[in-house]
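Dear colleague,

I am passing on the structure below, followed by notes on what was found in it. Please read the notes with the coordinates open beside them.

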Amino acid sequence: MGLVFALLWLFTGFLQGVHGQGVYAPPSVRIVHSGQACNVEEERYSERVYTIREGETLELQCLVTGHPRPQIRWTKTAGGTSDRPGDSSVVNETLKIDKISRHQGGRYYCKADNGLGSPAIRSIRVDVYYLDDPVITIHQSVGESKEQFYFERTVFLRCVANSNPPVHYTWRRGREVLTQGSDSGVEIYEPFFTQGETKILKLKNLRPQDYADYTCISSVRNVCGIGDKSAHFGLSNKTAPPSIKLLLDDPLVVNHGETITLVCVASGGDPPPTLQWVRPGGEELPKRSIVKGGTLTIPGVTIDEGGAYSCMASNNVGNPAKKTANLLVRGLRKGRFWITPDPYHNDDNIQIGREVKISCQVEATPPEEMQFSWLKNGRPLRSSERMVITHTDTEVSPGTTNLDIIDLKFTDFGTYTCVASLRNGGSPEISIDVNISSTTVPPELSVPRGRSHLIAQEGDTVDLQCLVSGKPKPIILWSRVEESGAAAAAAAPALMPDGSPQIESYDGVLRISNVTRDMSGTYRCQTSQYNGFNVKPREALIQLVVQFPPVVEPVYTEIRQALGRAFSLTCRLLRAHPARLLRYEWKLGSRLLTMGQFSDQQDDTNYQVKALNREGYGEYTCDITNEAGAGRCTFLVTGKAYPPEFYYDTYSALWQNRPRVYGFKLQWTQMEPNAVDRILAYRLGIRQMSQSRWWEQEIPMEGNIQKGELLTYNLTELVKPESYLIRLTPITRYGEGDATERIITYSAPVNPHLREFQCGFEDEALCLFSQDKTDVFDWTRHSAATRDTKYTPNTGPSSDHNGSKQGFYMYIETSRPRLEGDKARLLSPTFNMNTKNSAPSVANSPTYCFAFYYHMYGKHIGALNVLLRQKGQTVTDTSVLNLIGNQGDRWRQAKVNIRPTAAFQMVIEGVRGAGIEGDIAIDDVTIEEGECKDPPPNNLRSLAPPSSPHIWQLCVTLSLALIGQQR
């Protein structure tokens, strides 16, 4: 029976449609914070600054209103940051960054959009505070520098610490604090261009007492709890900048695969310098390298690891010392050759009696060790009058050797071999064979018959082929030909399918797999000028045309229609190749509806339904075809209702007036209710989050639902503290529509059985006070120490209620853009009454004393109102206090007795007056069980409710009114 009883309450609700009430509203945004902030300041003109210590957790929440529920996105501008992860967007209400770094500071934007009006955007600037360890560096004026660096010379001690906010420096010599003017031999100054980030201590003409231990203390004045940091330096007559020397040959020439060691030692400097090896341009050291002090070891060195290596020494005195060594790894690579016919004859062929030159080129390291030799038919060949061998400068890379054959004879035919080697070995030789004979002829290039214009379909594999003849057979270079015209000139160069500008081919074939429409165009094949004849390149062109099926829109769309209505479907052609002889075919399922052919000027096709019947529901397709295939538009015509839109801005949606259960006001609108048949009912599904079983109930609907009409269903008897998943599905005569789900979460009140509550607003959490989402602006947490009174000096408190400038209070800022009559409401947590009576009344309900301190000073003070908000089956607000006008520059206390009959909140409302000198502040709010004792001697009067039943039913709380004179 217990289970049956527990299920019955799920369906004890009532339905009420608020007709004519359009609740669609554009979004509004408010940013709140939690986490570990040091301070949050409200700057003027809507900027908020959130200060946090580096390494703490940043947590910002974007609270939105608007219907339908807005989509939320967090973005960030580069407030001194360049890290890409920090720039990424976050698509949810809460932005959380663990262990925040200084580079993640900047302005964060919350954007909410629900398609109505313009998106709502709010921002908050995050200021990350940090303090790095200071570093002391020592310098001497260059003009006075001699062998003894610090003997009767002017010395500068420079202290640098990266920080936010700007750092404050203090210098000490031993235990003595140095200040400007405390010692005639000492000057302290901050260079203007460093904006306070550098502090320089100048010692003029060093004296014996200046040789001492110096301490630089950097401080950010304990902001965010960041403690001071210090650096030390002992100055003596031995203090000197670093000097180093390299214990190796420069350049150091080694063989490929050897283990090499570079040694760098400090030859001077006090304090002893630290040594490190680096490569120019920030290039990393080889991954296998081992660094130990000033020794760099590279096992198995490769030719690519050759280059410059620098040793650097630093001891924070003077400038770092640096020396560079060059590592050369012996090696040969990239061997090439070419044949040049007699340049004095306009003929590319080799002929008897004419000159011919064979050239050979190889890259070598080191270039001066490279040597060439020539062989003919395997035998050494020496330079002679007819066989002239020349070499380029040995220090130039790549090295080139030429063999000039003067007056070519038949006996000169044969195989010539160019051999490149290094004098000291360390690398294999490179040999290149070149055949000179009657069959050695320049290249010719052609395209096979019928292959100069190719047509392919998207996705095919295409072979582009150029036939090359000649001996030696050259390498073929493939590239794309740029299109002519102004548009082509502005476009990027056309690349090959693999993304490179050029592709080499040894057989003259370029294969393109899975060809796409972007690969259409003209391709050029040409002979290379290396590994062949050094003559004008031969070339040929091939035109590739890639056909593709029609591209259409919409590819897929859903259309919701009621029975009996007329509608039209349109399929649009975007592009196709070929774009001629296009046909279209409309179907419903497998049933052919109509077909036809596109005219030359036609770019779409339509199908009209005059009156939709039940057989007309289904999937409509339109196929537009050409030689390459078909493009399809798909239309799903359905009578399904659109999903409901849950309303998240319900005022006081959750109520509780019994110990073990709570209620929830579920509200929603229907998306596009007139698009389909009338909504007959809603199927309500509910499931405890801790269980898997669903319980369902139908909610019948009477009459037509209007767009924007707010529907309400009260869920009662929800078990504390369970959360529930709610599913709502509309039903029409077509059947079930699209469902929507949301989670209902129970929020327990603070002090469920209230006896005493106190809040001084010293914590960021505000004792669970919250801002009212329906007011015009917000209350602000502040302390007098950080309060900006530049524009409004004659209003607001100079301290909190206890007289502390560091203490916090809540106040309303009445400067621009606030207008007269604007209201800000602060809501207390929700409290349950301390009573066992399930149906309390004014007569038997407990009494509580609500008290707080207020400060209302300024000639433009508006009003301060306090209301008692009770949360029963309905929500009621009753005024219990009203203060108007200037109350003087001091804190006053107000007390009032309240007798709530249900769970309740206190609402504190500040109203902006006629001008900017109207700041109102509150502090130290308390709620205690029992009547108020020793009421303050002011002009407030407590009005007790009459005992008549018909009177207290209308006024269920006490009222407190302001009467009499102002002080």
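Of the 34 residues that make up the largest nonpolar core (buried Ala, Val, Leu, Ile, Met, Phe, Trp, Tyr and Cys residues joined through side-chain atoms within 4.5 Å), W779, F850, F852, L864 and I922 touch the most other members. The largest share of this core, 5 residues, is supplied by strand β66, residues 848-856 (strands are DSSP runs of E, at least two residues, numbered from the N terminus). Apart from it lies another core, of 29 residues, which includes I339, L381, F413 and L422.

This is a predicted model, in which local features need pLDDT of at least 70 and side-chain atom pairs count only at pLDDT 80 or more, whereas totals for chains, interfaces and linings use all residues. Residues are numbered from 1 along each chain as its sequence is written, and side-chain values use heavy atoms, with hydrogens and water left out.

A25, found in strand β2 (residues 25-35), is partly exposed at a relative accessible area of 27% (buried being under 20%, exposed over 50% and partly exposed in between, with a 1.4 Å probe and protein chains only). Leaving aside neighbours within four places in sequence, A25 is in contact (heavy atoms within 4.5 Å) with G66, H67, N114 and L116.

As for the backbone, the peptide bond from N164 to P165 is cis, with omega near 5 degrees, and P165 is found in the loop between β12 (163-164) and β13 (168-173). E717, in strand β57 (residues 709-719), has a positive phi near 60 degrees although it is a residue other than glycine.

With best regards

Technical notes:
Helix = DSSP H or I, 4+ residues; strand = E, 2+ residues; numbered from the N terminus.
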